[in-house]
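Here is a quick tour of a protein model, written for someone who likes to check the atoms. Have a look at the structure below, then read on.

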Amino acid sequence: MSAEKIAPKATDAASDAASQRKTLMPFIVISISYLLFTMTDGGVRMIVLLHAYNQGFTAMEVAIMFTLYELAGVVTNIAAGMLGDRWGIRWTLNAGLSLQIAGLGMLFGWDTSWDKLSAIVFVTLAQMLCGIAKDLTKLGGKTVTKLVTPDAQQTRLFKLVSLLTGWKNALKGVGYFMGAALLDSHPLYGYYIALAVMVGLVLLAFPWALFGLDKNLGTAKKKPAKLRQILLNPNYNLNMLSLARCFLFGSRDLWFEVPLPFFLRDSVHGLGLPRSVVGAFLAAYIILYGMMQSYTPQLVIGPLGQTPPNKFVAMVWAFMLVPITIGIGAATTFSPAFLERDVNGMLGALIGGIVVFALVFAVNSSVHSYLVVRYAAGDKVATDVGFYYMANAMGRLIGTLTSGALYSYAAPNPTLGFAACMWASSCFCFVSGAVVYFAKDDAAGFVCGPLRCGLAEEGKADRGAGS
(Lines give C-alpha, C1' and ligand atoms only; values in the text may rest on other atoms or scores of the structure.)
Protein backbone atom coordinates (compact mmCIF):
# COMPACT_ATOMS: atom_id res chain seq x y z
CA MET A 1 0.00 0.00 0.00
CA SER A 2 1.41 3.41 -0.97
CA ALA A 3 2.26 6.19 1.49
CA GLU A 4 -0.29 8.41 -0.25
CA LYS A 5 -3.13 6.00 0.68
CA ILE A 6 -1.96 5.49 4.25
CA ALA A 7 -1.63 9.21 5.04
CA PRO A 8 -5.31 10.16 4.55
CA LYS A 9 -6.42 7.23 6.73
CA ALA A 10 -4.07 8.30 9.52
CA THR A 11 -5.31 11.87 9.21
CA ASP A 12 -8.95 10.73 9.35
CA ALA A 13 -8.28 8.58 12.44
CA ALA A 14 -6.58 11.46 14.22
CA SER A 15 -9.44 13.78 13.28
CA ASP A 16 -12.03 11.30 14.57
CA ALA A 17 -10.14 10.87 17.84
CA ALA A 18 -9.93 14.66 18.32
CA SER A 19 -13.64 15.02 17.55
CA GLN A 20 -14.51 12.30 20.04
CA ARG A 21 -12.40 13.93 22.76
CA LYS A 22 -14.10 17.27 22.09
CA THR A 23 -17.52 15.62 22.31
CA LEU A 24 -16.77 13.80 25.57
CA MET A 25 -14.97 16.69 27.30
CA PRO A 26 -18.20 18.32 28.58
CA PHE A 27 -19.28 14.96 30.01
CA ILE A 28 -15.95 14.54 31.82
CA VAL A 29 -15.84 18.11 33.17
CA ILE A 30 -19.45 18.15 34.37
CA SER A 31 -19.16 14.67 35.86
CA ILE A 32 -16.14 15.64 37.97
CA SER A 33 -17.83 18.81 39.28
CA TYR A 34 -21.15 17.04 39.82
CA LEU A 35 -19.62 14.10 41.68
CA LEU A 36 -17.53 16.30 43.98
CA PHE A 37 -20.61 18.41 44.72
CA THR A 38 -22.66 15.28 45.42
CA MET A 39 -20.33 14.27 48.28
CA THR A 40 -21.07 17.59 49.97
CA ASP A 41 -24.82 17.20 49.38
CA GLY A 42 -24.85 13.91 51.27
CA GLY A 43 -22.43 15.17 53.90
CA VAL A 44 -24.31 18.33 54.83
CA ARG A 45 -27.58 16.42 55.16
CA MET A 46 -26.02 14.05 57.69
CA ILE A 47 -24.26 16.90 59.52
CA VAL A 48 -27.51 18.84 59.98
CA LEU A 49 -29.64 15.82 60.87
CA LEU A 50 -27.32 14.29 63.48
CA HIS A 51 -26.35 17.67 64.96
CA ALA A 52 -30.05 18.49 65.33
CA TYR A 53 -30.74 15.10 66.93
CA ASN A 54 -28.02 15.79 69.50
CA GLN A 55 -29.66 19.15 70.26
CA GLY A 56 -32.96 17.41 71.10
CA PHE A 57 -35.00 18.27 67.98
CA THR A 58 -37.88 15.91 67.12
CA ALA A 59 -38.31 14.10 63.80
CA MET A 60 -41.03 16.55 62.78
CA GLU A 61 -38.82 19.54 63.60
CA VAL A 62 -35.95 18.10 61.57
CA ALA A 63 -38.33 17.36 58.69
CA ILE A 64 -39.34 21.05 58.77
CA MET A 65 -35.65 22.01 58.55
CA PHE A 66 -35.50 20.19 55.23
CA THR A 67 -38.79 21.60 53.94
CA LEU A 68 -37.29 24.53 52.03
CA TYR A 69 -34.47 22.30 50.81
CA GLU A 70 -37.03 20.12 49.05
CA LEU A 71 -39.43 22.97 48.18
CA ALA A 72 -36.54 24.88 46.61
CA GLY A 73 -36.04 21.88 44.37
CA VAL A 74 -39.61 22.16 43.09
CA VAL A 75 -39.06 25.78 42.05
CA THR A 76 -35.38 25.54 41.11
CA ASN A 77 -35.76 22.64 38.70
CA ILE A 78 -38.15 24.72 36.59
CA ALA A 79 -36.00 27.85 36.86
CA ALA A 80 -32.82 25.87 36.19
CA GLY A 81 -34.29 24.42 33.02
CA MET A 82 -35.25 27.88 31.76
CA LEU A 83 -31.87 29.35 32.74
CA GLY A 84 -30.04 26.44 31.15
CA ASP A 85 -31.95 26.96 27.91
CA ARG A 86 -31.02 30.65 27.88
CA TRP A 87 -27.51 30.83 29.38
CA GLY A 88 -26.20 27.28 29.19
CA ILE A 89 -25.14 24.58 31.62
CA ARG A 90 -21.89 26.31 32.59
CA TRP A 91 -23.85 29.16 34.16
CA THR A 92 -26.20 26.89 36.15
CA LEU A 93 -23.34 24.68 37.32
CA ASN A 94 -21.26 27.57 38.65
CA ALA A 95 -24.29 29.20 40.24
CA GLY A 96 -25.06 25.93 42.03
CA LEU A 97 -21.52 25.55 43.38
CA SER A 98 -21.54 29.17 44.61
CA LEU A 99 -24.83 28.73 46.45
CA GLN A 100 -23.61 25.54 48.09
CA ILE A 101 -20.70 27.48 49.60
CA ALA A 102 -23.16 30.16 50.77
CA GLY A 103 -25.41 27.56 52.43
CA LEU A 104 -22.49 25.81 54.13
CA GLY A 105 -21.17 29.19 55.25
CA MET A 106 -24.50 29.99 56.92
CA LEU A 107 -24.43 26.72 58.86
CA PHE A 108 -21.20 27.83 60.56
CA GLY A 109 -23.37 30.40 62.33
CA TRP A 110 -25.77 27.87 63.94
CA ASP A 111 -25.58 28.67 67.66
CA THR A 112 -26.65 25.85 69.98
CA SER A 113 -27.77 28.43 72.58
CA TRP A 114 -30.62 29.60 70.35
CA ASP A 115 -34.19 28.61 71.11
CA LYS A 116 -35.69 25.94 68.88
CA LEU A 117 -37.76 28.27 66.72
CA SER A 118 -34.78 30.50 65.89
CA ALA A 119 -32.62 27.50 65.09
CA ILE A 120 -35.27 25.91 62.88
CA VAL A 121 -35.77 29.13 60.89
CA PHE A 122 -32.03 29.72 60.47
CA VAL A 123 -31.16 26.15 59.48
CA THR A 124 -34.17 25.93 57.15
CA LEU A 125 -32.97 29.02 55.26
CA ALA A 126 -29.42 27.64 55.02
CA GLN A 127 -30.80 24.36 53.73
CA MET A 128 -32.87 26.26 51.17
CA LEU A 129 -29.64 27.60 49.64
CA CYS A 130 -28.21 24.08 49.59
CA GLY A 131 -31.39 22.80 47.95
CA ILE A 132 -31.23 25.42 45.20
CA ALA A 133 -27.54 24.59 44.73
CA LYS A 134 -28.24 20.88 44.38
CA ASP A 135 -30.78 21.27 41.62
CA LEU A 136 -28.82 23.87 39.67
CA THR A 137 -25.81 21.53 39.73
CA LYS A 138 -27.81 18.41 39.01
CA LEU A 139 -29.21 19.90 35.81
CA GLY A 140 -25.78 19.70 34.18
CA GLY A 141 -25.19 16.14 35.30
CA LYS A 142 -28.52 14.95 33.95
CA THR A 143 -28.57 16.81 30.62
CA VAL A 144 -24.99 16.35 29.42
CA THR A 145 -25.55 12.62 28.81
CA LYS A 146 -28.26 13.46 26.27
CA LEU A 147 -26.12 16.13 24.63
CA VAL A 148 -23.13 13.83 24.03
CA THR A 149 -25.13 10.78 22.84
CA PRO A 150 -26.62 10.45 19.32
CA ASP A 151 -30.37 9.81 19.30
CA ALA A 152 -29.90 6.45 17.56
CA GLN A 153 -27.66 5.06 20.32
CA GLN A 154 -30.29 4.45 23.00
CA THR A 155 -28.53 1.49 24.64
CA ARG A 156 -25.35 3.54 24.99
CA LEU A 157 -27.37 6.41 26.48
CA PHE A 158 -28.93 4.03 29.03
CA LYS A 159 -25.49 2.78 30.10
CA LEU A 160 -24.06 6.31 30.30
CA VAL A 161 -26.96 7.62 32.38
CA SER A 162 -26.81 4.58 34.69
CA LEU A 163 -23.06 4.93 35.16
CA LEU A 164 -23.15 8.63 36.07
CA THR A 165 -26.25 8.31 38.27
CA GLY A 166 -24.83 5.28 40.05
CA TRP A 167 -21.49 6.90 40.81
CA LYS A 168 -23.28 10.04 41.92
CA ASN A 169 -25.26 8.11 44.50
CA ALA A 170 -22.26 6.06 45.60
CA LEU A 171 -20.28 9.24 46.29
CA LYS A 172 -23.29 10.72 48.03
CA GLY A 173 -23.08 7.72 50.34
CA VAL A 174 -19.41 8.50 50.93
CA GLY A 175 -20.54 12.02 51.83
CA TYR A 176 -23.06 10.64 54.33
CA PHE A 177 -20.33 8.67 56.06
CA MET A 178 -17.84 11.56 55.97
CA GLY A 179 -20.39 13.95 57.48
CA ALA A 180 -21.23 11.60 60.35
CA ALA A 181 -17.60 10.57 60.98
CA LEU A 182 -16.30 14.15 60.93
CA LEU A 183 -18.93 15.16 63.50
CA ASP A 184 -17.27 12.71 65.90
CA SER A 185 -13.72 13.82 64.98
CA HIS A 186 -13.62 16.31 67.87
CA PRO A 187 -15.96 16.69 70.88
CA LEU A 188 -16.16 20.49 70.55
CA TYR A 189 -15.26 21.35 66.97
CA GLY A 190 -16.38 18.29 65.03
CA TYR A 191 -19.36 20.16 63.58
CA TYR A 192 -17.15 22.96 62.22
CA ILE A 193 -14.50 20.54 60.93
CA ALA A 194 -17.19 18.63 59.03
CA LEU A 195 -18.52 21.81 57.40
CA ALA A 196 -15.00 22.98 56.50
CA VAL A 197 -14.25 19.72 54.68
CA MET A 198 -17.49 20.08 52.70
CA VAL A 199 -16.53 23.63 51.65
CA GLY A 200 -13.14 22.30 50.52
CA LEU A 201 -14.76 19.70 48.27
CA VAL A 202 -16.92 22.35 46.58
CA LEU A 203 -13.85 24.51 45.97
CA LEU A 204 -12.16 21.55 44.26
CA ALA A 205 -15.06 21.39 41.80
CA PHE A 206 -14.91 25.07 40.81
CA PRO A 207 -11.95 25.08 38.36
CA TRP A 208 -13.50 22.35 36.23
CA ALA A 209 -16.83 24.17 36.02
CA LEU A 210 -15.31 27.60 35.38
CA PHE A 211 -12.75 26.83 32.71
CA GLY A 212 -13.72 23.50 31.15
CA LEU A 213 -17.07 24.22 29.48
CA ASP A 214 -18.35 26.11 26.47
CA LYS A 215 -20.75 28.87 27.55
CA ASN A 216 -23.30 27.78 24.91
CA LEU A 217 -23.46 24.13 26.03
CA GLY A 218 -27.10 23.19 26.68
CA THR A 219 -28.68 26.38 25.35
CA ALA A 220 -31.90 25.89 23.39
CA LYS A 221 -31.57 25.91 19.60
CA LYS A 222 -35.10 27.22 19.33
CA LYS A 223 -36.74 30.00 21.31
CA PRO A 224 -36.54 29.09 25.03
CA ALA A 225 -39.78 27.95 26.62
CA LYS A 226 -41.82 30.28 28.80
CA LEU A 227 -42.94 29.32 32.31
CA ARG A 228 -46.50 28.56 31.20
CA GLN A 229 -45.23 26.22 28.47
CA ILE A 230 -43.10 24.34 30.98
CA LEU A 231 -45.80 23.93 33.62
CA LEU A 232 -48.32 22.88 30.94
CA ASN A 233 -45.80 20.57 29.30
CA PRO A 234 -47.20 19.03 26.10
CA ASN A 235 -44.84 16.04 26.42
CA TYR A 236 -47.37 13.42 27.57
CA ASN A 237 -44.89 10.65 28.30
CA LEU A 238 -42.70 13.00 30.32
CA ASN A 239 -45.74 14.06 32.36
CA MET A 240 -46.64 10.46 33.20
CA LEU A 241 -43.06 9.61 34.07
CA SER A 242 -42.77 12.74 36.23
CA LEU A 243 -45.88 11.83 38.23
CA ALA A 244 -44.57 8.29 38.68
CA ARG A 245 -41.22 9.70 39.80
CA CYS A 246 -42.96 11.88 42.38
CA PHE A 247 -44.47 8.83 44.08
CA LEU A 248 -41.35 6.69 43.60
CA PHE A 249 -39.04 9.05 45.48
CA GLY A 250 -41.76 9.95 47.94
CA SER A 251 -41.91 6.25 48.83
CA ARG A 252 -38.22 6.23 49.79
CA ASP A 253 -38.17 9.51 51.70
CA LEU A 254 -41.22 8.40 53.68
CA TRP A 255 -38.85 6.35 55.83
CA PHE A 256 -35.22 6.90 54.81
CA GLU A 257 -34.28 10.58 55.26
CA VAL A 258 -35.59 11.28 58.79
CA PRO A 259 -37.33 8.27 60.44
CA LEU A 260 -34.56 5.72 59.80
CA PRO A 261 -31.65 7.72 61.30
CA PHE A 262 -33.86 8.75 64.24
CA PHE A 263 -34.82 5.12 64.87
CA LEU A 264 -31.21 3.99 64.57
CA ARG A 265 -30.15 6.62 67.13
CA ASP A 266 -33.07 6.09 69.56
CA SER A 267 -31.69 4.31 72.63
CA VAL A 268 -35.13 3.69 74.19
CA HIS A 269 -37.22 2.19 71.36
CA GLY A 270 -34.71 1.90 68.52
CA LEU A 271 -31.18 0.55 68.13
CA GLY A 272 -29.26 3.23 70.04
CA LEU A 273 -26.36 3.38 67.56
CA PRO A 274 -23.63 6.07 67.74
CA ARG A 275 -23.55 8.83 65.12
CA SER A 276 -20.65 7.39 63.13
CA VAL A 277 -22.37 4.00 62.87
CA VAL A 278 -25.64 5.62 61.78
CA GLY A 279 -23.69 7.49 59.11
CA ALA A 280 -22.00 4.27 58.00
CA PHE A 281 -25.38 2.47 57.86
CA LEU A 282 -26.95 5.12 55.65
CA ALA A 283 -23.79 5.42 53.57
CA ALA A 284 -23.75 1.67 52.96
CA TYR A 285 -27.33 1.84 51.70
CA ILE A 286 -26.57 4.69 49.30
CA ILE A 287 -23.30 3.18 48.05
CA LEU A 288 -24.99 -0.19 47.43
CA TYR A 289 -27.85 1.60 45.71
CA GLY A 290 -25.43 3.67 43.61
CA MET A 291 -23.30 0.71 42.52
CA MET A 292 -26.42 -1.24 41.60
CA GLN A 293 -27.56 1.70 39.48
CA SER A 294 -24.23 1.81 37.67
CA TYR A 295 -24.40 -1.82 36.67
CA THR A 296 -28.16 -2.20 36.18
CA PRO A 297 -27.81 -2.42 32.35
CA GLN A 298 -25.20 -5.19 32.51
CA LEU A 299 -26.43 -7.17 35.55
CA VAL A 300 -30.21 -6.88 35.37
CA ILE A 301 -31.86 -5.15 32.43
CA GLY A 302 -29.53 -6.58 29.77
CA PRO A 303 -29.73 -10.26 30.81
CA LEU A 304 -33.53 -9.98 31.07
CA GLY A 305 -33.73 -8.57 27.54
CA GLN A 306 -35.20 -5.29 28.81
CA THR A 307 -32.71 -2.90 27.22
CA PRO A 308 -33.36 -0.21 26.31
CA PRO A 309 -36.19 -0.14 28.88
CA ASN A 310 -39.71 1.13 28.31
CA LYS A 311 -42.75 1.90 30.47
CA PHE A 312 -43.49 -1.78 31.18
CA VAL A 313 -40.06 -2.25 32.69
CA ALA A 314 -40.57 0.80 34.92
CA MET A 315 -44.02 -0.43 35.97
CA VAL A 316 -42.95 -3.98 36.92
CA TRP A 317 -39.92 -2.88 38.91
CA ALA A 318 -42.02 -0.30 40.81
CA PHE A 319 -44.56 -2.98 41.74
CA MET A 320 -41.71 -5.15 43.04
CA LEU A 321 -41.09 -2.57 45.77
CA VAL A 322 -44.59 -3.08 47.22
CA PRO A 323 -44.06 -6.49 48.91
CA ILE A 324 -40.66 -5.35 50.20
CA THR A 325 -42.05 -2.31 52.01
CA ILE A 326 -45.04 -4.33 53.26
CA GLY A 327 -42.62 -6.93 54.63
CA ILE A 328 -40.57 -4.34 56.55
CA GLY A 329 -43.75 -2.69 57.82
CA ALA A 330 -45.17 -6.04 58.99
CA ALA A 331 -41.91 -6.99 60.72
CA THR A 332 -41.76 -3.64 62.51
CA THR A 333 -45.40 -3.91 63.59
CA PHE A 334 -45.71 -7.57 64.58
CA SER A 335 -42.24 -9.10 65.00
CA PRO A 336 -41.26 -10.05 68.59
CA ALA A 337 -37.81 -8.55 67.91
CA PHE A 338 -39.35 -5.08 67.55
CA LEU A 339 -42.05 -5.54 70.19
CA GLU A 340 -39.52 -6.68 72.81
CA ARG A 341 -36.62 -4.49 71.55
CA ASP A 342 -34.23 -7.27 70.63
CA VAL A 343 -31.51 -5.04 69.12
CA ASN A 344 -29.77 -7.83 67.19
CA GLY A 345 -33.06 -9.10 65.80
CA MET A 346 -34.16 -5.59 64.80
CA LEU A 347 -30.81 -4.87 63.15
CA GLY A 348 -30.92 -8.13 61.17
CA ALA A 349 -34.47 -7.49 59.97
CA LEU A 350 -33.71 -3.91 58.97
CA ILE A 351 -30.50 -4.79 57.15
CA GLY A 352 -32.18 -7.64 55.22
CA GLY A 353 -35.22 -5.60 54.20
CA ILE A 354 -33.35 -2.40 53.39
CA VAL A 355 -30.68 -4.18 51.30
CA VAL A 356 -33.37 -5.79 49.14
CA PHE A 357 -35.19 -2.45 48.85
CA ALA A 358 -31.95 -0.69 47.85
CA LEU A 359 -31.23 -3.18 45.06
CA VAL A 360 -34.73 -3.04 43.57
CA PHE A 361 -35.05 0.73 44.05
CA ALA A 362 -31.72 1.19 42.24
CA VAL A 363 -33.10 -0.58 39.17
CA ASN A 364 -36.19 1.64 39.31
CA SER A 365 -34.12 4.79 39.55
CA SER A 366 -31.79 3.70 36.75
CA VAL A 367 -34.71 2.97 34.43
CA HIS A 368 -36.38 6.30 35.28
CA SER A 369 -33.15 8.27 34.78
CA TYR A 370 -32.81 6.74 31.31
CA LEU A 371 -36.45 7.25 30.32
CA VAL A 372 -36.46 10.95 31.19
CA VAL A 373 -33.53 11.75 28.89
CA ARG A 374 -35.09 9.60 26.15
CA TYR A 375 -38.53 11.17 26.46
CA ALA A 376 -37.06 14.71 26.69
CA ALA A 377 -37.17 16.82 23.53
CA GLY A 378 -33.66 17.05 22.09
CA ASP A 379 -33.78 20.82 21.47
CA LYS A 380 -35.08 21.65 24.97
CA VAL A 381 -33.60 18.85 27.03
CA ALA A 382 -32.66 21.16 29.94
CA THR A 383 -36.25 22.37 30.32
CA ASP A 384 -37.78 18.88 30.12
CA VAL A 385 -35.28 17.38 32.55
CA GLY A 386 -35.89 20.32 34.90
CA PHE A 387 -39.65 19.68 34.81
CA TYR A 388 -39.09 16.00 35.59
CA TYR A 389 -36.84 16.70 38.56
CA MET A 390 -39.33 19.25 39.82
CA ALA A 391 -41.69 16.30 40.25
CA ASN A 392 -38.86 14.38 41.92
CA ALA A 393 -38.37 17.22 44.42
CA MET A 394 -42.13 17.42 45.05
CA GLY A 395 -42.18 13.71 45.89
CA ARG A 396 -39.26 14.11 48.27
CA LEU A 397 -40.95 17.10 49.92
CA ILE A 398 -44.20 15.18 50.43
CA GLY A 399 -42.32 12.12 51.68
CA THR A 400 -40.12 14.07 54.10
CA LEU A 401 -42.96 16.06 55.68
CA THR A 402 -45.28 13.06 55.86
CA SER A 403 -42.55 10.93 57.41
CA GLY A 404 -41.91 13.48 60.16
CA ALA A 405 -45.63 13.61 60.98
CA LEU A 406 -46.12 9.83 60.90
CA TYR A 407 -43.01 9.07 62.94
CA SER A 408 -43.77 11.73 65.57
CA TYR A 409 -47.56 11.60 65.86
CA ALA A 410 -49.15 8.60 64.11
CA ALA A 411 -48.39 5.98 66.77
CA PRO A 412 -47.84 5.73 70.54
CA ASN A 413 -44.12 4.97 70.13
CA PRO A 414 -41.35 5.48 67.52
CA THR A 415 -41.29 1.79 66.57
CA LEU A 416 -44.88 1.84 65.38
CA GLY A 417 -44.28 5.31 63.94
CA PHE A 418 -41.52 3.85 61.78
CA ALA A 419 -43.87 1.03 60.77
CA ALA A 420 -46.50 3.59 59.72
CA CYS A 421 -43.91 5.18 57.44
CA MET A 422 -43.27 1.82 55.76
CA TRP A 423 -46.98 1.11 55.25
CA ALA A 424 -47.39 4.52 53.61
CA SER A 425 -44.32 3.83 51.47
CA SER A 426 -45.89 0.66 50.06
CA CYS A 427 -48.90 2.68 48.87
CA PHE A 428 -46.64 5.19 47.12
CA CYS A 429 -44.74 2.38 45.36
CA PHE A 430 -47.98 0.94 44.01
CA VAL A 431 -49.19 4.31 42.72
CA SER A 432 -45.84 4.92 41.00
CA GLY A 433 -46.12 1.67 39.04
CA ALA A 434 -49.77 2.25 38.19
CA VAL A 435 -49.16 5.78 36.87
CA VAL A 436 -46.27 4.93 34.53
CA TYR A 437 -48.45 2.29 32.84
CA PHE A 438 -50.39 5.11 31.14
CA ALA A 439 -47.36 6.39 29.22
CA LYS A 440 -47.61 5.90 25.44
CA ASP A 441 -44.58 3.67 25.12
CA ASP A 442 -46.03 0.34 24.01
CA ALA A 443 -44.14 -0.43 20.80
CA ALA A 444 -41.73 -3.01 22.23
CA GLY A 445 -44.15 -4.61 24.68
CA PHE A 446 -42.90 -6.25 27.85
CA VAL A 447 -39.88 -8.54 27.85
CA CYS A 448 -38.52 -10.50 30.81
CA GLY A 449 -36.14 -13.22 29.69
CA PRO A 450 -38.20 -15.76 27.69
CA LEU A 451 -41.46 -13.99 28.56
CA ARG A 452 -42.64 -11.61 25.84
CA CYS A 453 -45.96 -9.77 25.89
CA GLY A 454 -47.36 -7.37 23.30
CA LEU A 455 -44.16 -7.25 21.24
CA ALA A 456 -44.80 -5.23 18.08
CA GLU A 457 -41.74 -4.78 15.89
CA GLU A 458 -38.53 -6.72 16.47
CA GLY A 459 -35.37 -4.62 16.52
CA LYS A 460 -37.17 -1.33 16.91
CA ALA A 461 -34.48 1.17 17.90
CA ASP A 462 -36.69 3.66 19.63
CA ARG A 463 -39.31 2.24 21.97
CA GLY A 464 -42.03 4.81 21.52
CA ALA A 465 -40.44 7.91 22.98
CA GLY A 466 -43.32 10.26 23.67
CA SER A 467 -44.01 13.72 22.41
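## Cysteines

Start with C429: its sulfur has the sulfur of C427 as the closest cysteine partner, and the gap is 9.1 Å, so that's too far for a bond. A disulfide would need the two sulfur atoms within 2.5 Å. Bear in mind that this is a predicted model.

The same story shows up globally: searching the whole structure turns up 0 disulfides. C429 is tucked away, too, and counts as buried because its relative accessibility is 1%. C130 also counts as buried, since its relative accessibility is 0%.

## Overall make-up

What secondary structure does the protein chain contain? You'll find 18 helices and 2 strands. The chain runs to 467 residues, and buried ones account for 57% of them.

Take the contacts between residues at least 6 apart in sequence: 83% of these join residues at least 24 apart. On the outside, the protein chain exposes about 17900 Å², with carbon and sulfur atoms supplying 68% of that area.

## The nonpolar core

How many residues does the largest nonpolar core have? The count is 121, and W110, W255, L260 and Y285 are the members with the most contacts inside it.

L260 is a handy one to click on. Ignoring residues up to four places away in sequence, L260 touches W255, F281, L282, I354 and F418. W255 thus appears twice here: as a contact of L260 and among the core residues with the most contacts.

## A buried arginine

Now for a charged side chain. R45 sits in helix α1, which spans residues 3-54. Is R45 buried or exposed? With a relative accessibility of 3%, R45 counts as buried, because the cut-off for buried is under 20%.

So who keeps R45 company? Setting aside neighbours within four places in sequence, R45 is in contact with F66, Y69, E70, Y176, E257, R396 and T400. That list includes two glutamates, E70 and E257, as well as another arginine, R396.

## A nonpolar patch on the surface

Over on the surface, F108, L188, Y189, Y192 and I193 form a nonpolar patch. Together these residues have about 480 Å² of accessible area.

One of the patch members, Y189, lies in the loop between α6 (154-183) and α7 (190-211). The relative accessible area of Y189 is 49%, so this tyrosine is classed as partly exposed; exposed would take over 50%.

How values were computed
Residues numbered from 1 in each chain as written. Predicted model: local features only at pLDDT ≥ 70, side-chain atom pairs only at ≥ 80, totals over all residues. Heavy atoms only, no water. Buried < 20%, exposed > 50% of the residue type's maximum accessible area, 1.4 Å probe, protein only. Core = buried A, V, L, I, M, F, W, Y, C linked by side-chain atoms within 4.5 Å. Contact = heavy atoms within 4.5 Å. Helix = DSSP H or I, 4+ residues; strand = E, 2+ residues; numbered from the N terminus. Areas by Shrake-Rupley, 256 points an atom, 1.4 Å probe, with all protein chains shown as cover. Patch = residues over 30% accessible without salt bridge, like charges linked within 9 Å, V, L, I, M, F, W, Y side chains within 5 Å. Salt bridge = Lys/Arg side-chain N within 4 Å of Asp/Glu carboxyl O.
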